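This report works through a structural model, taking its internal space, its overall build and its metal sites in turn. Please keep the sequence and the coordinates at hand while reading.

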Amino acid sequence: MPQWNCGCDNCREARAGGRVVARTQESVAVSADGSDWFLLNVSPEVRAQIESFPGLWPRAPRHSPIAGLLLTNGDLDHCLGLLSLRESHPLVGYATESVHAGFAAGNVLYRTLERFAGQLTWRTLAAGREQPLGDSTLTVTAVPAPGNLPLHLKGLRPASPEDNVGFVVRDTRSGRRLAYFSGVAGPSPELTQAVADADLVFFDGTFWSSDELIAAGLGTRRAEDMSHWPIGGAEGSLAFLSRLRGRRVLIHINNTNPILREGSAERRAVEAAGVEVAFDGMDLSI
Ligand SMILES: [Zn+2]
Ligand SMILES: [Zn+2]
């Protein structure tokens, strides 16, 4: 926000410095000790995001506090940043086999992350299995979420339940848990279970309404066609989120979404439900 080729009301106001604040593409950094950090999705803007947060700065001439990079799916806004972290640094990626293969297989640019043995090590996430995150006290469980293959893989391979997941990250010392679902096409029993007792929930806030792009004359596809559960309406995700007890934060918000506009009716509805709208630099402790 703003989108480079968009002159919608929100994007114009963000450029002018109005009631809409500019934002980078969605990514979350998680740490149990403030020393080792894990990135949940790696946005195309990862370099600027690292520089914006001292916790992610090197502590030696060649060093990075980033101990792992977790991918929820193969959408480019979630994994393209990996290709920007190519400066011969050992990295550890966590993804389902399906997401890993979708990114690495047949991708000639991926070879830039294979220039030496151990440059990028993958840890395969299996749906529903709790697995350790490096040497930290954190664990992660990948939870299949309603979704789809990334656009660039459609028609190339069959869909799998592991093409799109969310994460439950748990600190084994405190028992506290966060749930991270950045792309959700709609409700499911696994999703309901994963967020039920979470202390913090990051949730797909892409679109307010199904026909948001159509109504604005900016596209032809409905939110559901793009595998995003709209926030508003009786069947919307806000009604679902309003029933949870933990802290809830909407992320992955499209530039057209009226919740980005401070004071809008939609923003007020979100706030009235006790749900927050993410912004760059948001700092959350649980
Ligand atoms: Zn726009
Ligand atoms: Zn996305």
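Which residues line the largest cavity?

## Internal space

In this predicted model, the lining of the largest cavity is made up of Gly74, Ser98, Val99, Gly102, Leu149, Pro150, Leu153, Arg157 and Asp163. By type, that lining divides into four nonpolar, three polar and two charged residues.

The space in the largest cavity comes to about 40 Å³, and the count of cavities of 30 Å³ or more is one.

## Overall build

The protein has eight helices and twelve strands. Its radius of gyration is 18 Å, close to the 19 Å that the globule rule gives for 286 residues, so the protein is as compact as a globular protein of that length.

Taken along the principal axes, the C-alpha atoms fill a box of roughly 50 × 40 × 40 Å, and 49% of the 286 residues count as buried.

## The zinc ion (ligand 1)

The protein donors of the zinc ion (ligand 1) are Cys6 (SG), Cys8 (SG), Cys11 (SG) and Asn255 (OD1), which lie 2.1 to 2.3 Å from the metal. Along the chain, these donors follow the spacing C-x1-C-x2-C-x243-N.

The four donor atoms around the zinc ion (ligand 1) subtend angles of 100 to 118 degrees, and the arrangement is therefore tetrahedral, given that all angles must lie between 85 and 135 degrees for four donors to be classed in this way. Among the donor residues, Cys6 counts as buried because its relative accessibility is 8%, under the cut-off of 20%, and Cys11 is likewise buried, with a relative accessible area of 0%.

## The zinc ion (ligand 2)

The zinc ion (ligand 2) is coordinated at 2.0 to 2.8 Å by Asp77 (OD), Asp77 (OD), His78 (NE2) and His252 (NE2), and the spacing of its donors along the chain is D-H-x173-H. His78 belongs to helix H3 (residues 76-79), whereas His252 sits in the loop between strand E11 (247-251) and helix H8 (265-272), so the pair ties together parts that are 174 residues apart in sequence.

Why is the arrangement around the zinc ion (ligand 2) irregular? The four donor atoms subtend angles of 51 to 149 degrees, which makes the arrangement irregular, because angles that reach outside 85 to 135 degrees do not meet the tetrahedral criterion. As for accessibility, His78 counts as buried at 1%, and His252 is also buried, with a relative accessible area of 14%.

How values were computed:
Residues numbered from 1 in each chain as written. Chains lettered and ligands numbered in written order. Predicted model: local features only at pLDDT ≥ 70, side-chain atom pairs only at ≥ 80, totals over all residues. Heavy atoms only, no water. Donors = N, O, S within 2.8 Å, 3.2 Å for Na, K, Ca; no water. Tetrahedral: all angles 85-135°; square planar, octahedral: opposite > 155°, others 65-115°. Helix = DSSP H or I, 4+ residues; strand = E, 2+ residues; numbered from the N terminus. Buried < 20%, exposed > 50% of the residue type's maximum accessible area, 1.4 Å probe, protein only. 1 Å grid on protein atoms, 1.4 Å probe; cavity = no way out; pocket = protein on both sides within 12 Å on 5 of 7 lines; lining within 4 Å. Points joined across faces, edges and corners; volume = space filled by probe spheres on them. Nonpolar A, V, L, I, M, F, W, Y, C, P; charged D, E, K, R; others polar. Rg over C-alpha atoms; globule rule 2.2 N^0.38 Å.
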